[in-house]
Amino acid sequence: MRRVLPLLRSWLGGRPAGPTGLGGLCNAAAAAAAAGLAAPPPGESGGGTKPNIPTFGFLFDIDGVLVRGKTPIPAAQKAFQKLVNSQGQFLVPVVFVTNAGNCLRQKKADQLSHILGVPISQDQVVMSHSPLRMFKRYHDKCVLVSGQGPLLDIAKYLGFCQPITIDILRETYPLLDMVDHDRRPKVLHLPSVELPKIEAVVLFGEPVRWETNLQLIIDVLLTGGCPGKPHHQASHPHIPVLACNMDLMWMAEAQSPRFGHGTFMVCLENIYKKITGKELKYEALMGKPSELTYHYAEYLIRMQAAQRHWKKPIQTLYAIGDNLMTDIYGANLYNRYLEEKNSRKGSKGRIQAKVAAGTRSATISQDDEIDHTWQNELAPATATNCRSVLVCTGVYNPRTEVPSDTRESITETVFHGHRDFRFDPALVEPDHIVLDVDAAVDLIYQLENFAPNQDTRTF
């Protein structure tokens with residue numbers, strides 16, 4: 001029986017998300033700023049502080065927090081000038097956690113350097129597909145990859161030795177793609193070469209031609225990885241599917257959110273179920289809100305602190321995002337994981353993972369599901385908590401009225417998270433709501449009583 005990653009721990013209970021928590025705080029923050037009541041500059045609260053070594057780190061979302069499409073959000077450059085010294089060195093550990101998956105980490109780092117006006121390295125970037133580097137048991141297999149951008153380059157960078165794209169599959173079996181009449185083959189012929197048997201499907205992100213990708217992925221799943229052969233029901237359970245980026249929607253320059261890869265996944269899941277009568281199963285889900293992604297991001301935070309010779313452990317992560325269903329849900333879910341881990345420190349008990357998709361649930365051991373190489377490379381999490389900070393510059397709209405009956409209206413109709421994640425009102429309630437990323441940095445410096453010294457280099 002195939003088990004589903006990531007390891008989810010969503011318990012019932014906690015504070016329900018109420019109208020005051022989500023409907024009014026951004027407007028209140030705006031009013032306070034207009035009245036001159038914004039948070040004091042770093043280091044000027046509580047009577048002043050001395051420069052210190054950071055014990056916290058930043059996890060920044062990108063789309064809707066730093067940019068909208070290709071347009072920088074004005075507060076972003078101002079915020080990042082507060083995070084670096086005069087030599088361009090970061091004063092605290094910073095990692096960018098994005099659900100984008102259409103480019104290599106270095107390209108994303110270069111884009112961020114240009115947008116923010118500070119040097120960013122690829123080691124500060126977590127793409128939705130970054131954790132796939134740890135799934136080494138698939139690296140030697142022939143895998144079908146779906147998405148857009150330099151797919152083969154991305155796959156090979158992640159360690160996959162035999163990737164095949166949808167375009168390669170279509171060229172080999174031209175009779176499979178028949179929706180667009182103009183792309184149908186003019187002359188019918190059998191494939192001149194046979195591709196190796198496909199042993200897994202990797203979904204990097206939303207493709208350009210959805211109809212082609214949906215058709216060919218279904219063909220691969222229903223033929224056990226041999227799409228040139230007829231469909232057969234005996235192919236269930238199907239070959240492993242690993243998916244990155246579950247965002248149903250994301251914020252670009254348009255006034256309303258746009259379809260994301262999560263929407264494509266909804267299409268794939270429903271087509272598969274309509275044809276087979278069975279649920280599509282995922283071997284792994286990564287990207288926010290997966291705990292796997294936050295664990296990887298924390299690992300990069302620790303590496304930065306070690307490189308700067310900051311001796312104090314990083315205890316608190318601040319995750320700044322614009323999407324309740326990915327950024328806030330993911331940060332709060334990881335915080336629960338950290339709280340559970342710390343409460344049973346020293347034990348080697350199995351992790352309880354409850355996945356709400358109908359009545360499904362699973363008890364999953366980390367040793368069973370994740371390669372030992374993954375554990376050895378990342379090492380156990382050391383942070384004690386992960387705080388969620390919601391900004392009002394992206395998907396979240398503070399002007400949207402929250403219904404009075406939140407239990408019925410929100411839990412039943414507005415959950416945009418993935419099918420395999422259970423809605424829990426407490427998981428979509430941010431710890432803090434601020435106007436923008438600049439206000440977020442000010443707030444976190446104040447909460448940490450952190451007074452950055454612009455001349456600070458390496459301790």
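**A walk from strand β13 outwards**

Start by selecting G321, which has L390 of β16 opposite. The model is predicted: local features require pLDDT of at least 70 and side-chain atom pairs pLDDT 80 or more, while totals for chains, interfaces and linings take in all residues. Numbering starts from 1 along each chain as its sequence is written, and side-chain values rest on heavy atoms, with hydrogens and water left out.

**Strand β13 and its partners**

Select residues 316-321, which form β13, and residues 385-391, which form β16; the two strands run parallel and are joined by six bridges. Strands are DSSP runs of E with at least two residues, helices are runs of H or I with at least four, and both are numbered from the N terminus. In this register I320 has V389 of β16 opposite. β1 also runs parallel to β13, with five bridges between them, and L59 faces A319 of β13.

How many of the residues of β13 are buried? The count is six of six, so the strand is mostly covered, where buried means under 20% relative accessible area (1.4 Å probe, protein chains only; over 50% is exposed, and partly exposed lies in between). Colour the two faces of β13 separately: T316, Y318 and I320 lie on one side, L317, A319 and G321 on the other, and all of these are buried.

**The six-stranded sheet**

Now widen the selection to the open sheet, whose six strands pair in parallel in the order β5-β4-β1-β13-β16-β17; a pair requires at least two DSSP bridges between the strands. At the edges are β5 (125-126) and β17 (432-434), each pairing on one side only.

Add helix α9, which packs on this sheet and touches β1 (56-60), β4 (94-97), β5 and β13; its direction makes about 155 degrees with that of β4. Add α10 as well: this helix packs on the sheet against β13 and β16, and its direction makes about 165 degrees with that of β16. Such angles are taken between N-to-C directions, from 0 to 180 degrees, with axes fitted to C-alpha atoms (for helices, over the stretch in contact). Touching, or contact, means heavy atoms within 4.5 Å.

**α9 against α10**

Hide the strands and keep residues 291-307 (α9) and 324-343 (α10): the helix axes come within 9 Å and cross at roughly 75 degrees. That angle makes α9 roughly perpendicular to α10. The class covers 65 to 115 degrees; under 35 is roughly parallel, over 145 roughly antiparallel, and the rest oblique. α9 contributes E291, Y294, H295 and E298 to the contact, and α10 contributes T326, D327, G330, A331, L333, Y334, Y337 and L338.

**Helix α14**

Move to residues 437-447. Eight of the eleven residues of this helix, α14, are buried, so α14 is largely enclosed by the rest of the structure. The buried ones are V437, D438, A440, V441, D442, L443, I444 and Y445. Their cover includes β1, α3 (75-81), β13, β16 and β17.

Zoom in on D438. This residue counts as buried because its relative accessibility is 8%. Leaving aside residues up to four places away in sequence, D438 touches A75, K78, A79 and K82.

**The five-stranded sheet**

The next stop is an open sheet of five strands, paired in parallel in the order β7-β6-β8-β9-β12. Its edges are β7 (162-165) and β12 (284-286); each has a single partner strand, so one side of each lacks a neighbour in the sheet. From one strand to the next, the twist averages 20 degrees.

Select β9 (residues 241-244) together with β12 to see three bridges in the parallel sense; C244 has M286 of β12 as its bridge partner. Then show residues 151-158: this is α5, which lies across β6 (142-146) and β7 and runs at about 155 degrees to β7.

**α7 against α8**

Finish with residues 210-222 (α7) and 261-276 (α8), which pack at an angle of about 45 degrees with axes 10 Å apart. At that angle α7 is oblique to α8. To display the contact, select W210, N213, L214, I217, I218, L221 and L222 of α7, and T263, F264, C267, L268, I271, Y272, I275 and T276 of α8.

**The whole chain**

Zoom out to all 459 residues, of which 52% count as buried. The chain has 14 helices and 17 strands.
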